[in-house]
2 protein chains.
Amino acid sequence: MGIFSKTCEYAIRAVFFIAHKTAGQSSRVGIKEIAGGIDSPEPFLAKILQDLSRKGIVQSTKGPNGGFYLDAASLLRPLSDIVEAVDGDDIFYGCGLGLKQCSEINPCPLHNEFKEIRNRIHHLLQDTKIGEFNDELITGILSLKK
Amino acid sequence: MGIFSKTCEYAIRAVFFIAHKTAGQSSRVGIKEIAGGIDSPEPFLAKILQDLSRKGIVQSTKGPNGGFYLDAASLLRPLSDIVEAVDGDDIFYGCGLGLKQCSEINPCPLHNEFKEIRNRIHHLLQDTKIGEFNDELITGILSLKK
DNA sequence: ATAATAAAGGATGTTTTTATCTTTTATTAT
DNA sequence: ATAATAAAAGATAAAAACATCCTTTATTAT
């Protein structure tokens, strides 16, 4: 088990992939190419992108030359938008030991330590923009496969 | 989805509970009391403790006056031992985006940022000992329920 | 208009995680 | 020895996550 669900891992990788493939050039990229580009099961990823599209995080058009893309505004959105859309905000606000009532006044043993870690994750994802890695992905410095 | 699996959340809370109930006094605490004390499903927790017992992280004896307890050495073990036993070490070493080949020479876009976060989690859990919160748990400053 | 294309939508299947129940084994007190 | 107790072990079940397949809808090119 990682920090994110598998669904969310695929989602983030897919959005990065769409971003670097379509940023600037008014082009689209199809589900097949995306799935191949991030090593994910195609039909499962289709469902994930369908959901992200409904939620306005990615854009899409049907038909020939259709596919997924990201408009200028989407490229500037923080990664946290993807995570919240897919996994919710538990990773940012939930108790590390799973206690519903855990809080400042009723803390679990790890409350303060985990608060810092969760905050750090939250800030990292808020400060990182979807379009931020396009250059490095194009040049191959960064990887989205396997 | 939290940082840990539900199984692991229950495991940590249960071990904390056993620790503060039995530390010092050569007493034992039964599965029923533990499950009640940490708000967990009793039969599921029984399986978890059975596993932790096999792995030597908690001690147990059967029969009347039997139950679970922690010896002196166990009380000094780090929390990371519980997490590794239950969830494995993915949380410490795995790629945030789920990439098997992610590494320094083939990094995903979030590699360095996540490395720091994972390290921080790792160090926190290595530096925190199982018996560390007994006093606060007895006095009720800290909570393991709901 | 028509055929081809590609995502959207809906139904379904599989695997893993979470949870329960029943029987067995070890220990203790009588 | 026997009965009572409590964890261990094994089998089973329910829920959630992960994954696939088939049909429909929107778009484009001819």
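## The interface between the two protein chains

In this predicted model, chain A and chain B together bury about 3700 Å², and carbon and sulfur atoms account for 70% of that area. On the side of chain A, the residues that lose the most area to chain B are Met1(A), Pro109(A) and Arg120(A), which together make up 19% of what that side buries. Counted by contact, 40 residues of chain A meet 40 residues of chain B.

Two salt bridges are counted between chain A and chain B, and a salt bridge between Arg120(A) and Glu116(B) joins their side chains at 2.3 Å, N to O. Arg120(A) is thereby a residue that appears twice in this description, once among those in chain A that lose the most area to chain B and once as a partner in a salt bridge with Glu116(B). Across the interface of chain A and chain B, ten residue pairs are found in polar contact, with both residues at pLDDT 80 or more. The side of chain A that touches chain B draws two or more residues from each of helix 1, helix 6 (90-93) and helix 7 (111-127) of chain A, and helix 7 of chain A provides the largest share, seven residues. By class, that side of chain A consists of 23 nonpolar, eight polar and nine charged residues.

## Symmetry of the two copies

Chain A is superposed on chain B by a rotation of 180° with 0.0 Å of shift along the axis, at an RMSD of 0.0 Å. The two copies are therefore related as by a two-fold rotation axis. Within chain A, the C-alpha nearest the axis belongs to Ile3(A), at 2.8 Å from it.

The interface can be read in the light of this relation. Of the interface residues of chain A, 100% are also interface residues in chain B, so the copies meet through the same surface.

## The surface near DNA strand D

There are 26 residues around DNA strand D, and those that come nearest are Pro41(A), Pro64(A), Gly30(B), Lys47(B) and Ser60(B). Of the atoms of DNA strand D that come within 4 Å of the protein, 64% belong to sugar and phosphate. Ser60(B), one of the residues that come nearest, has a side-chain N or O atom at 2.8 Å from a phosphate oxygen of DNA strand D, while a polar side-chain atom of Asn65(A) lies 3.3 Å from a phosphate oxygen of this strand. A base is approached as well, since a side-chain N or O atom of Gln50(B) is 3.2 Å from a base nitrogen of DNA strand D.

The elements that each supply at least two residues of this surface are helix 1 (6-22) and helix 3 (42-54) of chain A, together with helix 3 (42-54), strand 1 (59-61) and strand 2 (67-69) of chain B. Helix 3 of chain B gives the most, with four residues. The surface near DNA strand D has nine nonpolar, eleven polar and six charged residues.

## The surface near DNA strand C

Around DNA strand C there are 26 residues, of which Gly30(A), Lys47(A), Ser60(A), Pro41(B) and Pro64(B) come nearest. Sugar or phosphate holds 63% of the atoms of DNA strand C within 4 Å of the protein, and bases hold the rest. Phosphate oxygens of DNA strand C are approached from both chains: a polar backbone atom of Ile31(A) is 3.0 Å away from one, a polar side-chain atom of Arg54(A) lies 3.1 Å from one, and a polar backbone atom of Lys6(B) is 3.2 Å from one.

At least two residues of the surface near DNA strand C come from each of helix 3, strand 1 (59-61) and strand 2 (67-69) of chain A, and from each of helix 1 (6-22) and helix 3 of chain B. Helix 3 of chain A contributes the largest share, four residues. By class, this surface comprises nine nonpolar, eleven polar and six charged residues.

## Salt bridges in the structure

Over all chains, the structure holds twelve salt bridges. One pair in chain A is formed by the side chains of Lys21(A) and Glu33(A), at 3.7 Å, N to O. Lys21(A) belongs to helix 1 of chain A and Glu33(A) to helix 2 (residues 31-38) of chain A, so this pair ties together parts that are twelve residues apart in sequence.

Technical notes: Residues numbered from 1 in each chain as written. Chains lettered and ligands numbered in written order. Heavy atoms only, no water. Near = heavy atom within 4 Å. Polar contact = N/O pair within 3.5 Å; in protein donor to acceptor, adjacent residues only side chain to side chain. Nonpolar A, V, L, I, M, F, W, Y, C, P; charged D, E, K, R; others polar. Contact = heavy atoms within 4.5 Å. Buried area = accessible area lost by both parts, 1.4 Å probe. Salt bridge = Lys/Arg side-chain N within 4 Å of Asp/Glu carboxyl O. Least-squares fit on C-alpha atoms with pLDDT ≥ 70 in both.
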